[in-house]
Amino acid sequence: FINKTFWVDSFTGVSGSSSVKSLAIHLEKVVKPDFKQVFSSIEIIPLELNDSSMVGNIYGKKLYIPGKYYVIVDDGRIVKVFDMSGKYVASSENCIGKGPSEYYIFQDVSYNYEDDTFVILDPFGNLITYTSSFDFVSKKKISLQTTDRPRNLFILNSHLCILSDSVERGVFYVYDYSADQLVKRVEYPGLIYSISSVQFPFNYVDKHLYFTPPEINDYVFEVDRESYMPISFYHLDGGKHSITTDDVKDFEFGTEEGNQYIMNESSKYSPVSRFFNTDYVVSTYIKNKELYFNFCNVNSEKNITVGLKHGCFPTFPHFFALDKDTLITILYPFELNKYMDSSLVSNKEL
């Protein structure tokens with residue numbers, strides 16, 4: 001799904017060093033879904049399905065490795081890998097078990113850009129590394145103790161990773177998994193509430209490491225590659241229409257009552273998912289059980305909020321990656337008619 005060319009501007013904004021660029025997010029006017037308002041074209045890439053690559057439920061974790069792979073973790077805990085043309089590469093189907101080179105319970109997976117490997121985290125603190133063909137490389141036990149247990153993984157390089165759990169909010173850990181040693185516990189500002197659907201808090205763009213907090217937060221950050229401290233990159237200002245800490249002050253942090261209030265009762269928009277780079281910020285908001293997308297051009301600060309109310313067709317799908325000016329989703333074939341404007345499809349021969 002490719003953004004309209006008139007939205008694309010050269011980026012001359014914040015470098016991420018000292019000041020924060022505030023972006024006004026227009027949430028007061030919501031328009032009906034219309035692909036032509038946001039996208040100039042749609043390209044369909046069929047994923048190759050055979051006996052080895054048949055995908056189970058695709059609504060779980062998905063990864064996009066720019067220029068390399070599309071990755072799906074299906075409901076059988078199997079990691080499926082496809083190249084940029086959609087050709088099947090490999091799967092972890094033969095890596096599931098209780099042997100020394102296998103994983104039994106899947107927690108998270110991350111890609112190591114340095115050596116083209118996938119690293120799987122299990123609930124017992126094991127990091128199991130496989131080649132992109134899912135040949136076993138190593139299994140390392142980490143001793144990091146968090147409030148709950150490490151549940152989220154991002155590989156930085158051949159010896160460093162970032163870990164976090166799902167209970168201790170507003171913090172992540174930089175960890176040396178080769179030496180089994182904590183490097184730094186990092187706290188970050190702007191936390192509003194814990195509910196979120198952010199699957200990919202960390203993202204490389206042109207060798208810069210960006211961080212989208214896995215909670216409700218109006219800041220996004222660049223992570224300094226030496227100190228690993230998050231530097232506020234953009235502040236996304238939704239004004240009086242966006243939820244604040246004052247709106248949830250009556251709820252104990254992270255409670256089910258607070259979650260239900262945000263999802264079902266609050267009259268304000270709460271950001272539950274977000275992608276960004278130096279050109280665009282794409283946010284998913286929830287308000288009164290309804291979902292909304294906001295598409296924001298960073299340089300021009302043009303932005304549009306799209307309503308996804310039931311009965312409005314076509315509706316936008318749930319994107320899981322942003323690469324330059326392109327948003328990416330993975331759909332079943334039977335969903336295509338619902339989630340697209342066929343007049344924008346570039347490869348109609350399919």
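# A walk along the strands

Start by selecting Tyr104, which is partly exposed at a relative accessible area of 43%; buried here means under 20% relative accessible area, exposed over 50%, and partly exposed in between (1.4 Å probe, protein chains only). Before going on, note that this is a predicted model, where local features need pLDDT of at least 70, side-chain atom pairs count only at pLDDT 80 or more, and totals for chains, interfaces and linings use all residues. Residues are numbered from 1 along each chain as its sequence is written, and side-chain values use heavy atoms, with hydrogens and water left out.

**Stop 1: the patch at Tyr104**

Tyr104 sits in the loop between strand S8 (88-91) and strand S9 (108-112). Strands and helices are DSSP runs numbered from the N terminus: E, at least two residues, for strands; H or I, at least four, for helices. Now add Ile105 and Phe124 to your selection: with Tyr104 they make a nonpolar surface patch of about 290 Å² accessible area together. Patch members have over 30% relative accessible area and no salt bridge; nonpolar side chains (Val, Leu, Ile, Met, Phe, Trp, Tyr) are joined within 5 Å, like charges within 9 Å. A salt bridge is a side-chain nitrogen of Lys or Arg within 4 Å of a carboxyl oxygen of Asp or Glu. The areas come from the Shrake-Rupley method with a 1.4 Å probe, and for residues only the protein chains shown count as cover.

**Stop 2: S5, S6 and S7**

Next, pick strand S6 (residues 69-73). How many of its five residues are buried? Five of the five are. Colour the two faces separately and you'll get Tyr69, Val71 and Val73 on one side, Tyr70 and Ile72 on the other, all buried.

Bring in strand S5 (residues 62-65), which runs antiparallel to S6 and is joined to it by four bridges. Two strands count as paired if DSSP finds at least two bridges between them. One pair to click on is Ile65 with its bridge partner in S6, Tyr69. S5 and S6 form a hairpin with three residues between them, and Gly67 in the turn has a positive phi of about 75 degrees.

On to strand S7 (residues 79-83): S6 pairs with S7 over five bridges, in the antiparallel sense. Val73 has Val79 as its bridge partner in S7. This hairpin of S6 and S7 has five residues between the strands, and Arg77 takes a positive phi near 65 degrees.

**Stop 3: a four-stranded open sheet**

Select S13 to S16. In the order S13-S14-S15-S16, four strands form an open sheet with antiparallel pairing. At its edges are strand S13 (152-155) and strand S16 (181-187), each pairing on one side only. From one strand to the next, the twist averages 25 degrees; the axes are lines fitted to C-alpha atoms (for helices, over the stretch in contact), with angles from 0 to 180 degrees between N-to-C directions. Zoom in on strand S15 (residues 171-176), which is joined to S16 by six bridges and runs antiparallel to it. There, Val174 stands opposite Lys184 in S16.

**Stop 4: S19, S21 and S22**

Is Leu209 buried or exposed? Leu209 counts as buried, at 0% relative accessibility, and it lies in strand S19 (residues 208-211). Look across to strand S21 (residues 219-223), where four of the five residues are buried. S19 and S21 run antiparallel, joined by three bridges, and Leu209 stands opposite Val223 in S21.

S21 is also joined to strand S22 (residues 230-237), by five bridges and again antiparallel. Val220 has Tyr234 as its bridge partner in S22. Six residues lie between the strands in this hairpin of S21 and S22, where Tyr228 takes a positive phi near 65 degrees.

**Stop 5: two loop residues**

Most residues other than glycine have a negative phi. Go to Glu301, which has a positive phi of about 60 degrees although it is not a glycine. Glu301 is in the loop between strand S25 (290-297) and strand S26 (303-307) and is partly exposed, with a relative accessible area of 27%.

Then try Lys324, in the loop between strand S27 (321-323) and strand S28 (326-328). Lys324 has a positive phi near 60 degrees and is exposed, at 63% relative accessible area.

**Last stop: the cysteines**

How many disulfides does the structure hold? Zero, counting a disulfide as a pair of cysteine sulfur atoms within 2.5 Å. Select Cys95: the nearest cysteine sulfur is that of Cys161, 20 Å away. Cys95 is buried, with a relative accessible area of 5%, and Cys296 counts as buried at 1%.
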